[in-house]
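Hi everyone, thanks for coming. Please pull up the sequence and the model on your screens, and we'll take a walk through the chain together.

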Amino acid sequence: MRGPLGPVIGRYPSSDGSTQVGGIIRHNRKCRDVAFLVFFIAFWVAMIVNSSFGFNEGNPLRLTFGLDYKGNICGDKHAHPGLRELELKYWMNPNQVYQSGLKDSQFNLANARSICLLDCPTPSDDSLNWVCDYPEGDIRLSMDDWIDRNYDYFEFLTPEMRNTSLQLQGPCYPVIFPSVNVYWSCQLIARESNMSLRHWQQMGGVKINEDIVIDRSIHRSIDARSSVLKRYMADIGKSWPVLIVCGGLLPLFLSVVWLVLIRHFVAAMPWITVALFNLLIISVTMFYYLKAGWIGNDAISPIIGEHDPYTHVYGRELNHIRAVAVLMTFIMVVSILASIAIIRRILMATSVLKVAAKVIGEVQALIIFPIIPYAILAVFYMFWLSAALHLFSSGQVVQNNCNSNCCSYNLALKKVNCDQCCGYSVHYTPHIAVAIFFHLFGCYWATQFIIACSATVIAGSVASYYWARGETSPEVPFLPVFSSMKRLIRYSLGSIALGSLVVSFVESIRFILESVRRKLKVVTSTPNGFFGKATFHSSQFLLKCVEWTLKSVNRNAYIMIAITGKSFCRASAIATELIFSNILRIGRVNVIGDVILSLGKLCVSLSSALFAFLMLDTHKYSSAHNKISSPLLPVLVCWGLGYVVASLFFAVVEMSIDTIILSFCQDSEEHQGTAQYAPPLLIETLNDQNEMQRLTQGPN
């Protein structure tokens, strides 16, 4: 059996029978798991190097805007020529668009001649409009004049240039089909203007194909998975004010309010939390229904600005919103049924929360302490998100290697050039995917590390309160929170790095297995057999159980690290033994309390998601320059940030309960089943009648 921890905590009789008086949490510790602290520091150096690569090579504009035939990013004021405010990509040659849409064609849309415009051109009702190339060479027009003339300088062309234009070789191209702004690309609509086409034919222009393929070719490019992923990442960059307000400030305010209320109205908070949770999850689900178009007429649209009401364009984003709406409906039903099932057990949760309220009242610095890890996480997330946007856009703009037989008039060379008709695209090397995965893993590990540090500091503060019998004592530091922080920084950062690494590693393995499964599902045309499905679901369930168990064990290990100063593995063993020795006592009072605390975190995070929906539903993000492709990812990020912030603050209550209970179990074991330091409220909560009688009647 494990020996006593007398040299570490509390007062214990010495070998000669005299009482040995020492600090409540002794300071005779030493640094633990130093190797993992060194590894964590080295990992952060690698994170900085990795992010520097993204800042040097990336350009977030690539996530939103396309490339013209020169390889310039639309909207880039540093391009040549300057393309400030010219953000829309327009394919000039309709026959190239048609050819790229044919199944057996070797011509790709990426090689079709495209330029950047201020708005999408439309055919004229009584004449023929033209879109001409950027003015250069003998065309003595400034970019501003070119824009003011609606990109048309056909009247200035020489006879040779007019002839090549009628052959669809430029420098001017006819506007035959209407187009609409779909995610900053001009989507051609296969509904040609009869008057413009008649003028074109009368001028002797070559035959222009009028098939629906023109429509589908561009839409297929805009709706590709890679394009959707880029737009989702761009949405994060555009909605940064929403992330700050709904992912940072709002959950901070709500979490502090919840802690204050749990301190003064502990009996009512479990009921308020359950009712508010159900109201919020219903509200968020209804917002998904609104954006999916199943309620009202506010479905997300890929079209930007005013357009023909008879023009309908749909994208993958709408399908994703609808899928999440179905998922939220299922979660909502399950949550409401589960809330009804635990109504009879809420009184038990109230008794558990009273213990935490008592601790918070005595150690009041616990309420404001989470602001410190909150500020650290806020700075980290701002750096991380900026680096992530640059990493996702850190490919190289290179000219395509194509064998297309196409020609276009070069204004600078004053002749038709058939050698450089290949377009440009962003080339992503395999190491960029590794860098992005490394960046994601770093975010998860750093988040777990900071949350673990916060939890350990709280545990050390609460342990000081417990081992002083909940009374004011000279052995309890004047500022127990700062004393706990000092012990953590000086002795236990390596142990925290190890614990957070274990959880991050298991979660990453689960993520990789899920990605492999999805790829296999796409590649394999035949459905998996019963054995394959059973193996997969069993492995997923096993990994989820391992992950949940590790998080639970880690939390208790952090408590024992704060109390005893042991290494992570030794603290985990002590905590596990204590839990198994007192499983019935702990399980009776702690399960429902954890459920209420989890619902409280979800209330804060769902409130963040709800307000994010409201902010993203304004004109700024729905139809203007900063239009987002879908509210899905910004809302999910706000939900995740809200949950992390709530976890920091709710850890005050969560760790207070767990620390008090583990300290009680340790106290009982050290004193032959009789807790010497437990406050009366804790004994009443644990429903230990013998202990209560001992305290009230005193020694015989």
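Before we start, one definition: a residue is called buried under 20% relative accessible area, exposed over 50%, and partly exposed in between. And please keep in mind that this is a predicted model.

Let's use that definition right away on Gly137. Its relative accessible area is 32%, so Gly137 is partly exposed. You'll find Gly137 in the loop between strand S5, residues 130–132, and helix H3, residues 143–148. Now look across to Lys414: in sequence, Gly137 and Lys414 are 277 residues apart, yet C-alpha to C-alpha they are 7.5 Å apart in space.

While you are in that part of the sequence, look at Asn417. Asn417 belongs to strand S11, which covers residues 415–417. With a relative accessible area of 13%, Asn417 is buried. Leaving out residues up to four places away in sequence, Asn417 touches Cys406, Cys407, Ser408 and Asn410.

Let's zoom out for a moment. The chain has 700 residues, and 53% of them count as buried. Its secondary structure comes to 22 helices and twelve strands. The accessible surface is about 33,000 Å², and 61% of that belongs to carbon and sulfur atoms. What about contacts between residues at least 6 apart in sequence: what share of them join residues at least 24 apart? That share is 76%.

Now to the interior. Which residues touch the most other members of the largest nonpolar core? They are Tyr288 and Val653, in a core of 122 residues. Helix H20 gives the most to this core, with 20 residues. Apart from this core lies another one, of 65 residues, and its members include Leu67, Tyr69, Leu168 and Val213.

Back to Val653 and its contacts. Not counting residues up to four places away in sequence, Val653 touches Trp258, Leu259, Ile262, Leu353, Ala356, Ile360 and Leu597.

H20 runs over residues 632–670, and Leu648 is found in it. Leu648 has 1% relative accessibility, so it counts as buried. Setting aside residues up to four places away in sequence, Leu648 touches Pro370, Pro373, Tyr374, Leu377, Ile451, Ser454 and Ile458. Here is another pair for you to find on the screen: the C-alpha atoms of Leu648 and Ile372 are separated by 9.8 Å, while along the chain these two are 276 residues apart.

From there, move to helix H13, residues 371–392, and pick out Tyr381. Is Tyr381 buried or exposed? It is buried, because its relative accessible area is 14%. Leaving aside neighbours within four places in sequence, Tyr381 is in contact with Cys443, Thr447, Leu641 and Val644. Taking one of those partners, Tyr381 and Thr447 are 66 residues apart in sequence and 9.2 Å apart in space, C-alpha to C-alpha.

Next, a pair of helices. H7, residues 225–238, and H8, residues 240–264, pack at an angle of about 65°, with their axes 5 Å apart. That angle is why H7 counts as roughly perpendicular to H8. The residues of this contact divide into four nonpolar, one polar and one charged. On the H7 side you can click on Ile236, Gly237 and Lys238, which meet Trp240, Pro241 and Leu243 in H8.

Last stop, the backbone. Most residues other than glycine have a negative phi, and most peptide bonds are trans. With that in mind, here are three spots to look at.

Start with Asp33, where phi is near 50°, a positive value in a residue other than glycine. Asp33 sits in the loop between strand S2, residues 19–20, and helix H1. Its relative accessible area is 19%, so Asp33 is buried.

Then there is Leu168, which we met in the core of 65 residues. Phi of Leu168 is also positive, near 60°. Leu168 has its place in the loop between helix H4, residues 159–166, and strand S6, residues 172–174. Leu168 is buried, with a relative accessible area of 6%.

And finally, a peptide bond: the one from His80 to Pro81 is cis, with omega near 0°. Where does Pro81 lie? Pro81 is in the loop between helix H1, residues 34–57, and strand S3, residues 88–91.

That's the tour. Thanks for listening, and I'm happy to go back to any of these spots.

Technical notes:
Residues numbered from 1 in each chain as written. Predicted model: local features only at pLDDT ≥ 70, side-chain atom pairs only at ≥ 80, totals over all residues. Heavy atoms only, no water. Helix = DSSP H or I, 4+ residues; strand = E, 2+ residues; numbered from the N terminus. Buried < 20%, exposed > 50% of the residue type's maximum accessible area, 1.4 Å probe, protein only. Contact = heavy atoms within 4.5 Å. Areas by Shrake-Rupley, 256 points an atom, 1.4 Å probe, with all protein chains shown as cover. Axes fitted to C-alpha atoms, helices over the stretch in contact; angles between N-to-C directions. Parallel < 35°, antiparallel > 145°, perpendicular 65-115°, else oblique. Nonpolar A, V, L, I, M, F, W, Y, C, P; charged D, E, K, R; others polar. Core = buried A, V, L, I, M, F, W, Y, C linked by side-chain atoms within 4.5 Å.
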